[in-house]
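Me: Please examine the structure shown below. A few questions about it will follow.

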Amino acid sequence: MRVLTFNVNSIRSRQKVVEELLFYRDIDVACLQEIKVVEEKFPQFPPFQCLVNGQKQYNGVAVCSRLPIEKFQIGFEGEQGESRFIYTQIGNYHIINIYAPLGDLYQKRFKYKMEFYRQLEKFIEQRFDLRRDFVILCGDLNIAHREVDVWNSEEWKGKVTFLPEERKEMDRLLEMGFIDVVRSATPKPIFTFYDYRGGAVYKNHGLRLDYVLISTPLLPKTHSIELLLNVRKRRDPKPSDHVPLIVEFK
DNA sequence: ATGGCCACCCGAGGTGGA
């Protein structure tokens, strides 16, 4: 099974790019973030079935699957707020697609970010045994885990996405039993986000904010991981500021 | 020149992203 995760920064601006990825890269399940649109205006990608947790203008996540979706949950239980979470079961695979809040240095949004992670952990703990189940947690976590995950750790010290509390949040997910697929493949700097400003992508001034985390039974099934940097680098059509990731399970 | 933001709201510039 080939799984794509991609922060599209507006699905309507990235419809062509997503179509190319789905069909030319032979994707089975696509986890999309920052779709920035309500469900009614989300484009169709037949024969993919798309589940959409949308909202106007901001945020929003979607899962598009070529394979039958057995179960799903759109948003956390009783959630009224921002659209950042979708869970789907496809075959034996439990796939959680998230767009974590950025948060900021002012208390309110940062607190919301921490609360979002509490809810996420609660959802996982209540439903899955990560030693036995096939669980994939992917998306834009908006956290750079370690120094190697930011292009300049001196410059990023004290900045949001790289604050100690956030980095501990990533530690906590790994302590729960998740494996960071990209990091388990290489100790080298790998970036999935490049700011549009300042020509960041040409200077390799990036951050690793997008992840594919897997439960331990999926590790021997992980066949390949691909970082599609060219999709971020090219100018026509206009790119998202994030890099798509493809992981294949066998 | 090779290059420095982009997409949303709507119909102008303000705002949020990270």
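**Helix 1 and the DNA contact**

Me: Which residue just after helix 1 takes a positive phi?

Reply: This is a predicted model, and the values are computed from it. Just after helix 1, a positive phi of about 60° is found at D26.

Me: Why do the buried residues of helix 1 lie on the same side?

Reply: Helix 1 spans residues 15-24, and V17, V18, L21 and L22 are its buried residues. They lie on the same side of helix 1 because the arc they cover around the axis is only 130°.

Me: Which exposed residues does the face of helix 1 turned away from its buried side carry?

Reply: The buried side holds V17, V18, L21 and L22. Elements that cover these buried residues include strand 1 (2-7), strand 2 (29-33) and helix 7 (229-233). On the face turned away from the buried side, the exposed residues are K16 and Y24.

Me: What percentage of the atoms of DNA strand B that come within 4 Å of the protein do sugar and phosphate account for?

Reply: There are 26 residues around DNA strand B, and S10, L102, Y202, L209 and R235 come nearest. Of the strand's atoms that come within 4 Å of the protein, the sugar and phosphate share is 67%.

Me: How far is a polar side-chain atom of S10 from a phosphate oxygen of DNA strand B?

Reply: Side-chain N or O atoms approach phosphate oxygens of DNA strand B at 2.9 Å for Y99 and at 3.5 Å for H242. For a polar side-chain atom of S10, the distance to a phosphate oxygen of DNA strand B is 2.8 Å.

Terms used: Residues are numbered from 1 along each chain as its sequence is written. Chains are lettered from A and ligands numbered from 1 in the order in which they are written. This is a predicted model: local features need pLDDT of at least 70, side-chain atom pairs count only at pLDDT 80 or more; totals for chains, interfaces and linings use all residues. Side-chain values use heavy atoms; hydrogens and water are left out. A residue is near a molecule or strand if one of its heavy atoms lies within 4 Å of it. A polar contact is a pair of N or O atoms within 3.5 Å; within protein, one must be able to donate a hydrogen and the other to accept it, and residues adjacent in sequence count only if both atoms are side-chain atoms. Buried means under 20% relative accessible area, exposed over 50%, partly exposed in between (1.4 Å probe, protein chains only). Helices (H or I, at least four residues) and strands (E, at least two) are DSSP runs, numbered from the N terminus. The arc is that of the directions from the helix axis to the C-beta atoms. Contact means heavy atoms within 4.5 Å.
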